[in-house]
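Colleague: I would like to learn how to read the features of a model like this one. Please take them one at a time.

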Amino acid sequence: MLVEKYKIQESNDGQLSAHKAKLSGLTGSIANTELIIEKLIAFQVAIPSWALGAGGTRFGRFSIGGEPRNLEEKIEDVGLLQTLNQSSGAISLHIPWDIPGNATSIKALAAQHGLRFDAVNSNTFQDQKGQEHSYKFGSLQHVDRAVRKQAIEHNIEVIKQGVALGSASLTVWLADGSCFPGQLNFRKAFQYTLESLKEIYAALPDNWKIFVEYKAFEPNFYSTTVGDWGQSLLYASKLGPKAYTLVDLGHHLPNANIEQIVSLLLMEGKLGGFHFNDSKYGDDDLTVGSINPYQLFLIFQELVEGMDAKGMNHATDLGWMIDASHNVKDPLEDLLQSVEAIQLAYAQALLVDANALDQARQENDTVKAQEILQDAYRTDVRPLVAEARLRAGGALNPIALYRSLKVRENLIKERGLVTVATGL
Ligand code: RM4
Ligand code: MN
Ligand code: MN
């Protein structure tokens, strides 16, 4: 389904005066609103191709209807999000959940929707039909060289597919690890994984990056071979300058200080990308900002401060991606909420007066430091984000428009009620 520009215009026109009134309240009290709006317009978040259908748990999966049946329809769905919010201008593919049969036409279709391809993701955590060796006991870490080789070759194939689509990074997330004490020699598992990653690294084109994503547990419950940021950083450092750590917000043990991790990875020049989501317990893959928006803000505050310290471009120097799963919500509404939550946290982080914060820290003025952060966090920046969308040609209120245009109902008419999208 396509949403025509005039429909966006019509709905924006009806909300314009109320929006402008809210916006002028903010521009009156904040000095750098123009700069923030410009930065928001430039900031794009990649949508995961594996999160456009109903997610499931090991207990069940409840269809939402109208799910995309193939990659072309997934691109249409992301295009729809982009039309509405003008901030979802990229898609991240998971291979082989999505196989771009004809790369030229897939690339052209994406371009028609204003989309580019962000990181491509390999999958050696599931066995595919007809696959020679099983990943039951790991892939890049496997004790059998033949299994490792198969997994390496898959990653190299994913790089080739990514090159054809104009992507420039590979995300490797491994389920490798062990479920029971005694199952694995930790050092051997690390060394095998490192050797395998080195072979994949050697196949990267010059301008490419490899992101090593860590995760504390699941599906392995005793040890994970890339289990935390320390292990990921170790691999990335040993691999070389094209290798970086990827932080997925749901991949830590409870109460981990993710903002501190982000700060230090940036300091080391080894933060490569992000998978945004939210969680209360583990890898819950919930809507960004739905559980702990303050933590998201604190993470963005470190991102902005750390990137500025290195003169990095906020919009282009890191891979910004969502990684989520939708069990009860319409995935497209959920993704609109997630993108907005990211933009809000980013805008609030841009409000922080870095010099004043620095001075408060210098004077050990803990109260002042907290006030500075919470002042920014408690500012309602929704009108700024809406203004950025308006100027970029998007909808002032994407979810309201999505609903009033009955997008899901139309997708169900087009695609049917019992379609199942590949992915999580
Ligand atoms: C993992 C991890 C990866 C994602 C898979 C589907 O938990 O977050 O990034 O590709 O799930
Ligand atoms: Mn992830
Ligand atoms: Mn995950």
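Modeller: Begin with the polar contact, which is a pair of N or O atoms within 3.5 Å; within protein, one must be able to donate a hydrogen and the other to accept it, and residues adjacent in sequence count only if both atoms are side-chain atoms. This is a predicted model, where local features need pLDDT of at least 70 and side-chain atom pairs count only at pLDDT 80 or more, while totals for chains, interfaces and linings use all residues. Residues are numbered from 1 along each chain as its sequence is written, chains are lettered from A and ligands numbered from 1 in the order in which they are written, and side-chain values use heavy atoms, with hydrogens and water left out.

Colleague: Which side chains have a polar atom by an oxygen atom of ligand 1, as Glu213 does?

Modeller: For Glu213 the distance is 2.6 Å. The side chain of Asp283 has an N or O atom 3.0 Å from a ligand 1 oxygen, and for Asp248 the distance is 3.2 Å. The protein covers 96% of the 300 Å² of accessible area that ligand 1 has on its own (Shrake-Rupley method, 1.4 Å probe).

Colleague: How do the residues of the shell around ligand 1 divide?

Modeller: Three are nonpolar, three polar and five charged. Here Asp, Glu, Lys and Arg count as charged; Ala, Val, Leu, Ile, Met, Phe, Trp, Tyr, Cys and Pro as nonpolar; the others, Gly among them, as polar. A residue belongs around a molecule if one of its heavy atoms lies within 4 Å of it; among them are Trp97, Lys215 and Leu424.

Colleague: What are the protein donors of the manganese ion, ligand 3?

Modeller: Donors are N, O and S atoms within 2.8 Å of the metal (3.2 Å for Na, K and Ca); water is not among the atoms, so sites may look incomplete. For ligand 3 they are His251 (NE2) and Asp283 (OD), the latter listed twice, at 2.2 to 2.8 Å. His251 lies in the loop between β10 (243-248) and α8 (258-267) and Asp283 in the loop between β11 (271-276) and α9 (293-309), so the pair ties together parts 32 residues apart in sequence. Helices (H or I, at least four residues) and strands (E, at least two) are DSSP runs, numbered from the N terminus.

Colleague: Where are the cis peptide bonds that involve Pro96 and Pro219?

Modeller: One joins Ile95 and Pro96, with omega about 15°; Pro96 is in the loop between β4 (90-94) and α4 (103-112). Another joins Glu218 and Pro219, with omega about 10°, and Pro219 is in the loop between β8 (209-213) and β9 (223-224). Glu218 also has a positive phi, near 80°.
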